[in-house]
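Grab a coffee and open the model next to these exercises. Try each task yourself before you read the solution under it.

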Amino acid sequence: MGEAKDGNFTIHLPTIPDYNISITDFGGQGNGHTLNTQAFVEAVEAIYNNGGGRLIVPKGIWLTGPIRFTSHMELHLQKGAVIVFSRDYTDYPLIISSFEGEPAVRCQSPLDGEDMTDIAITGEGVIDGAGEAWRPVKKYKVTCKQWSQLVDSGGVVEEADDIWWPTKAALAGKQAVKNLKDRKEFSLSAYEPYKEFLRPNLVSFRRCNIILIEGVTFQNSPAWNIHPYMCTHVTIKGIQVRNPWYAQNGDGLDIESCRYVSVEDSTFDVGDDAICVKSGKDEAGRKAAMPSEDIRIKGCTVYHGHGGFVIGSEMSGGVRRVSVTNCLFMGTDTGLRFKSCRGRGGIVENISISDIHMVNIKHEAVIFHMFYEKTEDENIRWKPISEETPQFRHIHMKRLTCAGADQAISMTGLPEMPLQDITFTHSKFHTKHGITALYCDQLSLLSTSVTTTDEPKFCLNHVTNHNLKKDDIFTETKVF
């Protein structure tokens with residue numbers, strides 16, 4: 001398929017041989033109830049034996065277990081094609097994979113590939129991960145009627161936390177898997193009794209080179225939706241990613257330890273962070289030392305998510321040279337979200353964000369949070385700088401517009417490692433509260449206004465080398 005210029009780097013596109021087959025050639029039936037796992041296995045084997053090719057899925061509802069990719073393979077869904085993945089846990093073997101930044105035993109992903117090159121998912125169809133068969137649900141996130149329906153459907157309720165689990169084995173796995181990880185036990189047999197807890201990401205491509213994902217709708221993932229991990233030359237264009245807003249760990253796109261990535265003209269409506277950049281967690285991420293770098297995101301829309309665009313909190317391998325432009329966030333919990341904590345280490349730097357429009361943001365339009373999942377009391381105590389100290393620096397934002405949020409900007413660095421060189425230029429915020437900043441160095445707002453309904457408009461604490469001037473920077477308080 002050639003290559004595409006993107007900023008100052010070139011992203012290669014997959015090379016797929018001119019060999020087209022249909023899932024129907026292998027006995028596949030798109031009637032919604034026939035299990036087509038073997039048909040997909042045989043089709044992928046035919047593509048492998050040919051040295052690559054295009055597997056076409058025509059209009060219909062295609063029930064199947066996991067589809068494992070081979071190199072030089074394109075999975076193409078024609079308009080009206082729906083791939084629905086099986087709800088039977090026995091269809092998903094355990095594998096050594098990665099989750100939330102660390103090596104982990106997980107169930108094989110519905111769409112799975114490892115150490116492959118030149119792979120693609122294209123078309124106008126829909127891919128459904130049957131996530132409701134896997135996900136726990138917190139009571140406070142659903143209505144009383146929805147909760148009653150969940151409980152009546154089966155499963156088990158964890159009374160202490162008001163969480164519904166789809167099976168007893170899934171609930172049992174919550175503590176059992178933690179114990180196994182604490183013992184550094186990674187034998188698949190040890191995890192087998194708890195596989196119903198080990199819900200997979202919908203799309204998992206690990207250490208793959210040259211990936212194209214275009215046009216398709218991805219929805220209802222068991223955990224994260226799309227997860228390229230340690231991949232290079234990734235192009236994602238014109239896709240839709242959907243999850244229920246209450247979906248636990250229902251991220252849209254998690255780009256982890258990848259280089260040369262383009263995400264364009266895509267739409268996200270999900271249950272957790274929408275577009276997220278990561279690079280491993282704590283010691284595992286630092287040891288792998290694979291940053292996410294040379295990434296461009298443009299023309300994307302997010303309707304729901306914990307964050308519209310997010311870096312962290314697993315960023316221990318570093319994140320650098322990322323640009324985000326011309327995006328719209330509507331009704332997200334936060335708009336631009338940067339998060340980490342002590343123990344991560346890693347450096348996030350050279351991030352450029354421009355032309356972002358935000359509407360009705362629930363919490364902060366922009367937030368830097370360096371004690372994510374930690375207590376504020378722990379944060380205020382100075383600690384020695386080490387390889388476990390995260391650094392966020394050289395992050396420049398311009399032409400941000402926010403019409404409605406609880407707060408415009410919240411910035412919390414670490415006492416021993418302040419946020420450094422953060423700039424806002426030609427931006428406008430209309431919010432309830434203004435700006436708070438704690439432990440920052442070189443904070444600059446140029447031609448930027450914040451219109452608030454509540455005082456004070458800004459509160460600075462341990463902020464050095466800033467240019468904030470109340471009369472020049474901030475407009476009067478207004479009720480709107």
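Contact here means heavy atoms within 4.5 Å. Keep in mind as you go that this is a predicted model.

**Exercise 1. Find out which residues Asp421 touches, leaving out those up to four places away in sequence.**

Start with the secondary structure: Asp421 sits in strand S35, which covers residues 419-425. Next, look for its contacts. Asp421 touches Arg393, His394, Ile395 and His396, and also Asp441 and Gln442. Then check the accessibility: the relative accessible area of Asp421 is 15%, and the cut-off for buried is under 20%, so Asp421 counts as buried. For a sense of distance, pick Asn243, which is 178 residues from Asp421 along the chain. The C-alpha atoms of these two are separated by 36 Å.

**Exercise 2. Work out how many disulfides the structure holds, and check Cys208 and Cys440.**

First, the chemistry: a disulfide is a covalent bond between the sulfur atoms of two cysteines. To call one here, you need two cysteine sulfur atoms within 2.5 Å. The count comes out at 0 disulfides. Now take Cys208: its nearest cysteine sulfur belongs to Cys231 and is 4.8 Å away, so Cys208 fails the cut-off and is in no disulfide. For Cys440, the nearest cysteine sulfur is that of Cys459, 11 Å away, and Cys440 is in no disulfide either. Finally, are these two buried or exposed? Cys208 is buried at 2% relative accessibility, and Cys440 is buried with a relative accessible area of 2%.

**Exercise 3. Which strands pair with S32, and in what sense?**

Locate strand S32 at residues 334-339. On one pairing, strand S30 (residues 307-311) runs parallel to S32, joined by 4 bridges. Among the residue pairs, Val310 has Arg337 in S32 as its bridge partner. The other pairing to look at is with strand S33 (residues 347-369), again parallel and over 4 bridges. Here Leu336 finds its bridge partner in Val366 of S33. Last step, the covering: 6 of the 6 residues of S32 are buried, so the strand is mostly covered.

**Exercise 4. Where does the pLDDT fall below 50?**

Begin with the whole chain: its mean pLDDT is 94, and 95% of its residues reach 70 or more. The stretch you want is residues 472-480, where the pLDDT is below 50. In the model, that stretch has 30 contacts beyond near neighbours in sequence.

Technical notes:
Residues are numbered from 1 along each chain as its sequence is written. This is a predicted model: local features need pLDDT of at least 70, side-chain atom pairs count only at pLDDT 80 or more; totals for chains, interfaces and linings use all residues. Side-chain values use heavy atoms; hydrogens and water are left out. pLDDT is the predictor's confidence in each residue, from 0 to 100. Buried means under 20% relative accessible area, exposed over 50%, partly exposed in between (1.4 Å probe, protein chains only). Helices (H or I, at least four residues) and strands (E, at least two) are DSSP runs, numbered from the N terminus. Two strands pair if DSSP finds at least two bridges between them.
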